[in-house]
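Reader: I've got a few "how do you know that" questions about this one. Can you walk me through the reasoning?

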Amino acid sequence: MQKVLVLLVSELERMAVENILRDDFEITTCQNSEEAKQCLQYKYDAMILDLFMPAVDGLTFLMRNKSRCPSVIILLTQLVCADVLMKAELLGVSVLLRKPYEMATIRNHLSQTLKEKTPSR
């Protein structure tokens with residue numbers, strides 16, 4: 001089963017994402033960047049994270065931990081501007097989803113992106 005790290009500030013949002021994904025993926029949830037940094041000691045196939053978080057934003061978190069981050073990254077945000085899009089692309093973000101979003105959209109993007117980036121066996 002593929003492993004997904006979910007770094008979302010809102011407990012309600014974390015629980016909702018975990019519920020929609022847990023049948024198909026092994027999920028680890030974190031509520032802040034410090035917890036996520038500790039979790040990155042382990043290998044994940046994908047990560048879902050917020051752009052706006054206390055202490056450090058999602059793009060800065062990715063920049064600081066780039067070598068340990070999985071190749072599939074879904075960034076969730078309410079703000080979509082050229083600067084965010086450019087930085088996200090440079091940092092290897094696979095999908096940028098604007099809030100609010102449908103939960104099934106996360107599952108669909110995650111499954112499709114993992115399929116595209118995972119070598120056939």
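Reader: Why is Cys-30 called buried?

Author: This is a predicted model, and in it Cys-30 has a relative accessibility of 1%. Buried means under 20%, so Cys-30 counts as buried.

Reader: What makes Cys-69 buried or exposed?

Author: Again, set the value against the cut-off. The relative accessible area of Cys-69 is 15%, and the limit for buried is under 20%, so Cys-69 is buried.

Reader: How do you know how many disulfides there are?

Author: There are zero. A pair of cysteine sulfurs has to sit within 2.5 Å to count. For Cys-30, the closest cysteine sulfur belongs to Cys-39 and is 3.4 Å away, so that is too far for a bond. Cys-69 is in no disulfide either, with its nearest cysteine sulfur, that of Cys-30, 11 Å away.

Reader: On to the helices. Why are helix 1 and helix 5 called oblique?

Author: Helix 1 (residues 11-21) packs against helix 5 (residues 103-117) at about 55°, and their axes are 9 Å apart. Roughly parallel needs an angle under 35 degrees, and roughly perpendicular runs from 65 to 115. The angle of about 55° fits neither, so the two helices are oblique to each other. Their crossing is right-handed.

Reader: Which residues make the contact between them?

Author: Helix 1 brings Ala-16, Val-17, Ile-20 and Leu-21, while helix 5 brings Met-103, Ile-106, Arg-107 and Leu-110.

Reader: And how do the residues of that contact divide into nonpolar, polar and charged?

Author: Seven are nonpolar, none are polar and one is charged. Arg counts as charged, so the charged one is Arg-107 of helix 5.

How values were computed:
Residues are numbered from 1 along each chain as its sequence is written. This is a predicted model: local features need pLDDT of at least 70, side-chain atom pairs count only at pLDDT 80 or more; totals for chains, interfaces and linings use all residues. Side-chain values use heavy atoms; hydrogens and water are left out. Buried means under 20% relative accessible area, exposed over 50%, partly exposed in between (1.4 Å probe, protein chains only). Axes are lines fitted to C-alpha atoms, for helices over the stretch in contact, and angles run from 0 to 180 degrees between N-to-C directions. Helices (H or I, at least four residues) and strands (E, at least two) are DSSP runs, numbered from the N terminus. Angles under 35 degrees count as roughly parallel, over 145 as roughly antiparallel, 65 to 115 as roughly perpendicular and the rest as oblique. A crossing is left-handed if the near helix is turned anticlockwise from the far one by less than a right angle, and right-handed if clockwise. Contact means heavy atoms within 4.5 Å.
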